[in-house]
Amino acid sequence: MTDRLTASDWFTPRHIGPSPDERDRMLAAIGVASLDTLIDEAIPASIRLTAPMALPPAEGEHAYLRRVASISLANKAMRSYIGLGYHDTLTPSVILRMVMENPGWYTPYTPYQAEIAQGRLESLINFQTMVTDLTAMEVANASLLDEATAAAEAMTLLHRVNPKKRPTQVPGVFLVSDGCFPQTIDVLTGRAEPLGIEVRVQPVAEMVMDDAVFGVLLQYPDEVGVTADLAPFIAGAHAAGVLVAVATDLLALTILTPPGEMGADVVFGNAQRFGVPLGFGGPHAAFFATRQSFVRQMPGRLIGVSVDAHGNRAYRMSLATREQHIRREKATSNICTAQALLANMAAMYAVYHGPSGLGAIAERVHTFARVLEAELLKLGVTQLNASYFDTLRIQLPGDAEPVRQRALLAGINLRYIGDEVASISLNETVTVEDLTDILNVFVESFSQHPVARVDVATIAAALDGDRLGGLRRTSPFLTHPVFNAHHSETEMMRYIRTLERKDIGLDTSMIPLGSCTMKLNAATEMMPVTWERFSRVHPFAPIEQAGGYLQIIEELEEALCAVTGFAAVSLQPNSGAQGEFAGLMVIRAYHLSRGDAHRNVVLIPASAHGTNPASAAMAGMQVVVVASTPDGSVDLTDLQAKADAHRDDLSCLMITYPSTHGVYEDAIREICAIVHANGGQVYMDGANMNAQVGLTSPATIGADVCHLNLHKTFAIPHGGGGPGMGPIGVARHLAPFLPGHALSATGGAQAIRAVSAAAWGSASILLISYAYIRLLGAEGMTDASRYAILNANYIKARLDPHYPVLYTRPNGRVAHELIFDLRAFKAAGVEEGDVAKRLMDYGFHAPTVSFPVAGTLMIEPTESEDMAELDRFCEAMIQIRHEIEAVVTGAADRQDNVLKHAPHTAAAVSASAWTHPYSREEAAYPLPFVRERKFWPSVGRIDNPWGDRNLFCSCPPPTA
């Protein structure tokens, strides 16, 4: 490789942290002669690959960017006025540069450690406030994956909370307006079917609230752009004991009466048009709001206000007991990843524009639509929408094909409904020149002379009223000062930077979270995402306009097949949890195709991540837990007994490999064989794929399907809690069942329903994983796995004398992560949470706390950290062990010590009064390296129970 690439352009040593000299010193500390020897000791020989992955050779960074720029030319960034929930938007440069393209915002993890995540938590509470204000609802979450899956979450929430008594033999009926988006109906139907919920799609006027109906879904404005007063219908539904969810558009709600004022029980939609690029379908932040009385049933992350140890306001994730990692198959949802980065962009868009700016944008869009309608009516066409916000529906005098062809020649995409109707959804990017071009598409189609320029001001001045159907909003919104104080770029820049400084991301230090793979998100991988020819492609544009995307998608699918050993891949699932659900639904469809509808039992090891049982429940499966042995492995005796007991109804096994205990289990092939012998399939959770790539594969161990967390193994950043991508790979016999889509040709011949709103999920960030694979190649990706294992075993070698490692192979080796057991310290009053908070004083994010075993820390260093950073982390952990020992021996007070009061803020350390028996220096600068790179947590330890007892989930008033 070095013969082909110049030293400055070779990506592998930029991605992998340890140098050759550091590697050798680390191997010496571990006690092995070579990296090959270590890998041989860590991984069972029976599952090792015997040949390199069949992938293209690695590319240099600059050569890669030139090639991708060439590929992008096959995409056509047309002016798309298709609508269907996706609109071109103007991302303010200050938000693009300082949030979307800023590693301080895109590299942090989900804010479980709230004390070092106050910046993005504040921004997310801005997002929630923005949503509750605009929808006129009582509480909103911090985002969902997309509008279609949010609709499915609305359906299941209404099913859970509706007290209406239904016939016991009928799980329930959910009525869906035929005015909802096609992709929403597609996803919704697929989610309802395994739960036994009947979805009836029909005109609102024909809906009958019989005894089986528990909920209704409406769209406002609807699929064709019509605005209608929903209040009478909702009142009637409530009188019949039926709850109502409404899908809507945030920009429209700045001037339209919000659904909350009409009585809606749930309101959701896509926040994409608040400054988030189209990106051929994503990633975008869906929003979800509901009644306060339903808050404990609401899916997704919920940010709330609490207090810290000093009585100061602090933000945190509230009501975590709703989530899948705690409630497992009884969780409200399987959601693990949301869309935090995109929610933060949308929130910043609202902060930057404020209520008057957003209202002005909406008024301008509506005015342009009215002007266009007035000019089109002069041509003799009929405009079918009597009331609307941004969308016109033009009845043409004949076939729409002449209009379509002239629009394409003008670089314009419209939506065509049947053969004689053209739909035009305007957006904030539309200029007078754009409006003139749209008009001339119709003018020239009717063989008339083109208009030189539409005189918008004169025409608008002559128009009467509006076309909102008597639904103009009168209530105020976004009155909180945060939405009214940062409208200059100077103030916005400083506000964004102020929040960023409160958080730890990979730009600060290593994030050693086990099972999360917080590796480098390289700049070269990220750059093309915001290029115009990738960012401005509408997901439902004519497919021939997305040639560049299709090439990337095809080559990425081929690469992931090579990595997994599988026959086919679907890139549609837009999170790991969605990948789990999609994989289980593919298995379900396979059994159904063979007449085995009764196969609905899924075996799940006790150590599994909580999304596994939650996803199984969503797929209508019965969860049976398989025990673990004392060494953390799957109990083969228990597995055999339960597989035999369920021989006739076994659907599958869900298993993570290497295990969530951080070990390659020797018996993995035997485990898969037991399941196959009893008629089941094997689903491999790809959470730990970073220890497999190039060394073994899901197909090699015996799996039939797996999901891949592209936001872990394949370098998509975590974004502070999303975006993510969870594509699935399947064996040949499962390929016919890969998910399809209502509006795009994709999936297998017997495709299951769509699992995401867009055919290829969050397509724009597929570019990141594509870059990762092409820049590293087979050899580089294999080395990434090898160095991930090296780094984990090096940490074990350094810390094993101080903290017992819970699980290893019989020879003492671990995979790419390991678990340290802190339970022995509890007798002295020191808990794993104390260690997690104390690490913040050393400038580190905590490892994974109490998963998969309570009272432990799980550490995953990834391949991207060099020896110096690993040593700093180990020195911090060793010093903390000395601090623990001081408490154990009584040298330090059991309650008033550096662990119990961690983290220490600058305000606390610099306060006039200092009553602790330890020094300020011990609190703030426990080791010399800390002084050189000090990170100050902005709040002290947060009182989590206080926040749940006093639930408040929007921007607190300034007087609070």
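## Close-up views, one by one

**View 1. P402, V403, R406 and A407 of α13 meet V441, F442, E444 and S445 of α14.** Before going on, keep in mind that this whole model is predicted. A pair of packed helices is described by two things, the angle between the axes and the distance between them. Here helix α13 covers residues 401–409, and its axis runs 9 Å from that of α14, at an angle of about 135°. That angle makes α13 and α14 oblique to each other, since an angle has to be over 145 degrees to count as roughly antiparallel. The crossing of α13 with α14 is right-handed. Sort the residues of this contact by class and you get five nonpolar, one polar and two charged.

**View 2. Helix α14 also packs against helix α12.** Helix α12 takes in residues 340–377, while α14 takes in residues 432–445. How far apart are the axes of α12 and α14? They are 10 Å apart, and the angle is about 30°. Because angles under 35 degrees count as roughly parallel, α12 and α14 get that label. This crossing is right-handed. On the α12 side, the contact is made by F368, V371, L372, E375 and L376. On the α14 side, look for V432, L435, I438, L439 and F442. The classes here are nine nonpolar residues, no polar ones and one charged. If F442 rings a bell, that's fair: F442 belongs to the contact with α12, and F442 is also on the list for α13.

**View 3. H486 sits in a loop between two helices, α15 and α16.** Helix α15 spans 456–462 and α16 spans 489–500. Is H486 buried or exposed? With a relative accessibility of 13%, H486 is buried, because the cut-off is under 20%. Leaving out residues up to four places away in sequence, H486 touches V351, Y352, E491, M492 and Y495.

**View 4. P111 lies in the loop that links α6 and α7.** Look for P111 between α6 (103–106) and α7 (118–135). P111 has a relative accessibility of 3%, so it counts as buried. Which residues does P111 touch, not counting those up to four places away in sequence? They are A117, R120, L121, M317 and G720. Now find G721: along the chain, P111 and G721 are 610 residues apart, yet their C-alpha atoms are separated by 7.0 Å.

**View 5. A908 belongs to helix α28.** This helix runs over residues 906–909. At 17% relative accessibility, A908 counts as buried, because that value is under 20%. Not counting residues up to four places away in sequence, A908 touches H310, W914 and R920. What distance separates the C-alpha atoms of A908 and P182? The answer is 55 Å, with their places 726 residues apart along the chain.

**View 6. Two cis peptide bonds, from Y220 to P221 and from A902 to P903.** For the bond from Y220 to P221, omega is near -15°. P221 is in the loop between β5 (213–220) and α10 (231–239). For the bond from A902 to P903, omega is near -5°. You'll find P903 in the loop between α27 (867–889) and α28.

**View 7. F280 and T517 have positive phi angles although neither is a glycine.** F280 has a phi of about 60°. Its place is in the loop between β7 (266–270) and β8 (286–290), and at 2% relative accessibility F280 counts as buried. T517 has a phi of about 50°. T517 is in the loop between α16 and α17 (523–526), and with a relative accessible area of 1% T517 is buried too.

**View 8. C953 and C955, two cysteines without a disulfide.** A disulfide is a covalent bond that joins the sulfur atoms of two cysteines. Why don't C953 and C955 form a bond? The closest cysteine sulfur to that of C953 is in C955, 11 Å away, which is too far because a disulfide needs sulfur atoms within 2.5 Å. The count of disulfides comes to zero. Both cysteines are buried: C953 has a relative accessible area of 10%, and C955 has one of 8%.

Notes:
Residues numbered from 1 in each chain as written. Predicted model: local features only at pLDDT ≥ 70, side-chain atom pairs only at ≥ 80, totals over all residues. Heavy atoms only, no water. Axes fitted to C-alpha atoms, helices over the stretch in contact; angles between N-to-C directions. Helix = DSSP H or I, 4+ residues; strand = E, 2+ residues; numbered from the N terminus. Parallel < 35°, antiparallel > 145°, perpendicular 65-115°, else oblique. Left-handed = near helix turned anticlockwise from the far one by under 90°. Contact = heavy atoms within 4.5 Å. Nonpolar A, V, L, I, M, F, W, Y, C, P; charged D, E, K, R; others polar. Buried < 20%, exposed > 50% of the residue type's maximum accessible area, 1.4 Å probe, protein only.
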